[in-house]
Amino acid sequence: MSSSEKLERYRQLLLDLAAVGNIYAVRITTPRYRLMYGYFRRCVSLTTSTILLVEHDQIPAACALEKCIVDSLLRGLHTGYTASEAELQKDIEKARQGRGTGYSNMRKLAKKIDTKFRAKMLHTKVKRTRELLNELGHGGFLSLALEDTPVPPMVEYSVMARAVLSVLVFLSFVFLAEGIDINPLIQVQRKFSDTEIIAVTELP
């Protein structure tokens, strides 16, 4: 499969996952869930941008977006399932005042979500990758080195795979929490078995 074909496969996989998420979004009935859905849409849009950047050989920029994608995943699930009502209302009030509410706290949020779902995936992922995510996301020296370094195709595929995986993980946690049949996610993934995305059945 050529690089352009591989890229289009990732793009279509993302579109299909987004479509599944949007179908179930019509069930949203609370402000908390509407906020979580906003983070899901952000996760999808950032992943769309990542694929576009890879398509135009802007790998450092694509890598920089990965931290934003992980933050959107964690903030979304935290908003939906682990934030207390008092914490949520405090952040809403801050936002109304034009104050910042998007501080990362990746390790803290990942641990809270994993505890809620009796999983270890998110905390392990953040613990393993947070230094690199911060380096690339905040423009460290390594990100500058990438500007002038030829990047092999497998690195490009890896960047896209991790981005799309975040969308899949987001949906998987929501489906688990809401008792939604995961077969739609499995069916989407089966169409793209050669993209090497982790099996949804291996998620929490």
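E85 comes out as partly exposed in this predicted model, with a relative accessible area of 44%. Its salt-bridge partner is R32, and the closest N and O atoms of the two sit 3.1 Å apart. The pair links distant parts of the chain, with R32 in helix α2 and E85 in helix α4 (residues 85-96), 53 residues apart. R32, for its part, is buried, at a relative accessible area of 16%. So this bridge runs from a buried arginine to a partly exposed glutamate.

Altogether the structure holds 8 salt bridges, and some of these join up: E8, R11 and E55 are linked in a network. Within that trio, E8 pairs with R11 at 2.6 Å between the closest N and O atoms. These two residues are 3 apart in helix α1, so about one helical turn separates them. R11 also meets E55 in a salt bridge, this time at 2.9 Å from N to O. Here the reach along the chain is another matter: E55 belongs to helix α2 and R11 to helix α1, so the contact ties together parts that lie 44 residues apart in sequence. As for accessibility, E8 is partly exposed at 40%, R11 is partly exposed at 23%, and E55 is partly exposed at 36%.

K125 is a charged residue without such a partner. This lysine sits in helix α6 (residues 121-137) and is buried, yet has no salt bridge. The nearest side chain of opposite charge is that of E66, 4.5 Å away. Why does that pair not count as a salt bridge? The cut-off is 4 Å between a side-chain nitrogen and a carboxyl oxygen, so E66, at 4.5 Å, falls outside it. E66 is still a contact of K125, as is V70, leaving aside residues up to four places away in sequence.

Turning to empty space, the largest pocket has a volume of about 280 Å³. Its lining is made up of 17 residues, and Y24, A25, I28, M36 and V174 are the ones nearest the centre. Helices α1 (3-25), α2 (31-55) and α8 (153-178) are the elements that each give two or more residues to this lining. The largest share, 5 residues, comes from α8. Sorted by class, the lining has 13 nonpolar residues, along with 2 polar and 2 charged ones. Helices α1 and α2 thus turn up both in the pocket lining and in the bridge between R11 and E55.

Definitions and conventions: Residues are numbered from 1 along each chain as its sequence is written. This is a predicted model: local features need pLDDT of at least 70, side-chain atom pairs count only at pLDDT 80 or more; totals for chains, interfaces and linings use all residues. Side-chain values use heavy atoms; hydrogens and water are left out. Helices (H or I, at least four residues) and strands (E, at least two) are DSSP runs, numbered from the N terminus. Buried means under 20% relative accessible area, exposed over 50%, partly exposed in between (1.4 Å probe, protein chains only). Lys and Arg count as positive and Asp and Glu as negative; His and the chain ends are not counted. Contact means heavy atoms within 4.5 Å. On a 1 Å grid over the protein atoms alone, a cavity is a set of points where a 1.4 Å probe fits but cannot get out, and a pocket is an open set with protein on both sides within 12 Å along at least five of seven lines; lining residues have an atom within 4 Å of a point. Grid points are joined across faces, edges and corners, and a volume is the space filled by probe spheres set on the points. Ala, Val, Leu, Ile, Met, Phe, Trp, Tyr, Cys and Pro count as nonpolar, Asp, Glu, Lys and Arg as charged, and the others, Gly among them, as polar.
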